[in-house]
Amino acid sequence: MAANETPNQYEAMFLYGPGAGQDLEAAQNNVRGIVERHGGKVLTLKKWDERKLAYEIKKQKRGTYLLCYYTGPGPSVTAIERDVNLSDDILRVLITRADHLDETEMAAVEPQPIQPREERNPWDRPYGEDRPRRDDRPPRDGDRAPRPPRRDEPAPAEGAAKE
């Protein structure tokens with residue numbers, strides 16, 4: 001770290017596959033090693049939650065989230081992201097600034113409960129302003145311009161009666 005750089009405080013959420021839940025200590029040591037390798041100092045590191053993923057990532061349907069608060073130089077963020085992309089164990093990482101948090105708030109962070117979604121069939125959904133009924137559409141008769149003649153048809157005479 002350069003002498004003129006002040007360390008920033010970051011929050012990093014590491015996403016591991018479901019196997020990290022059984023070997024949590026190895027996953028935490030891996031995260032600690034990645035952060036410290038790039039000049040960071042780990043403040044808090046804990047298992048956040050194990051959840052079903054919204055979509056498959058690297059053929060994994062479930063994931064274990066590890067939450068890490070650390071202080072480090074600004075360039076450490078891209079270096080950590082590069083190490084995660086090269087790692088086979090870590091699926092994703094999200095790193096944000098966390099200068100607004102103190103150590104008691106970091107230790108108190110817990111996962112949010114998953115709220116069940118109400119699933120409705122398309123035919124049970126109410127019609128709203130954004131979804132007009134078929135009866136509300138304007139009539140289509142007469143709102144189109146007459147069709148131009150085809151190339152192989154003779155042009156209609158000007159005084160010819162319409163059919």
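## Close-up views of a predicted model

**View 1. The whole chain, element by element.** The chain's secondary structure comprises 3 helices and 4 strands (DSSP runs numbered from the N terminus: helices are H or I with at least four residues, strands E with at least two). Starting at the N terminus, the order is β-α-β-β-α-β-α. This is a predicted model, in which local features need pLDDT of at least 70 and side-chain atom pairs count only at pLDDT 80 or more, while totals for chains, interfaces and linings use all residues. Residues are numbered from 1 along each chain as its sequence is written, and side-chain values use heavy atoms, with hydrogens and water left out.

**View 2. The open sheet.** Here the 4 strands line up in the order 2-3-1-4, with antiparallel pairing (two strands pair if DSSP finds at least two bridges between them). Strand 2 (41–57) and strand 4 (90–97) are at the edges with a single partner strand each, so one side of each has no neighbour in the sheet. On average, neighbouring strands are turned by 20° against each other, direction ignored (axes are lines fitted to C-alpha atoms, for helices over the stretch in contact, and angles run from 0 to 180 degrees between N-to-C directions).

**View 3. Strand 1 beside strand 4.** Strand 1 (residues 8–16) pairs with strand 4 over 7 bridges in the antiparallel sense. Look for Glu11, whose bridge partner in strand 4 is Thr96.

**View 4. Helices against the sheet.** Helix 1 (residues 24–37) lies across strand 1, strand 2, strand 3 (60–72) and strand 4, and runs at about 115° to strand 2. Helix 2 (residues 76–86) packs on the sheet and touches strand 1, strand 3 and strand 4 (contact means heavy atoms within 4.5 Å). The direction of helix 2 makes about 170° with that of strand 4.

**View 5. A salt bridge between two helices.** Asp83 and Arg37 form a salt bridge, their closest N and O atoms 2.7 Å apart (a side-chain nitrogen of Lys or Arg within 4 Å of a carboxyl oxygen of Asp or Glu). Asp83 belongs to helix 2 and Arg37 to helix 1, so the pair ties together parts 46 residues apart in sequence. Asp83 is buried at 15% relative accessibility, whereas Arg37 is exposed at 54% (buried means under 20% relative accessible area, exposed over 50%, partly exposed in between, with a 1.4 Å probe and protein chains only).

**View 6. Another charged pair.** Arg97 forms a salt bridge with Asp99, with 2.3 Å between the closest N and O atoms. Arg97 is partly exposed at 46%, and Asp99 is partly exposed at 42%.
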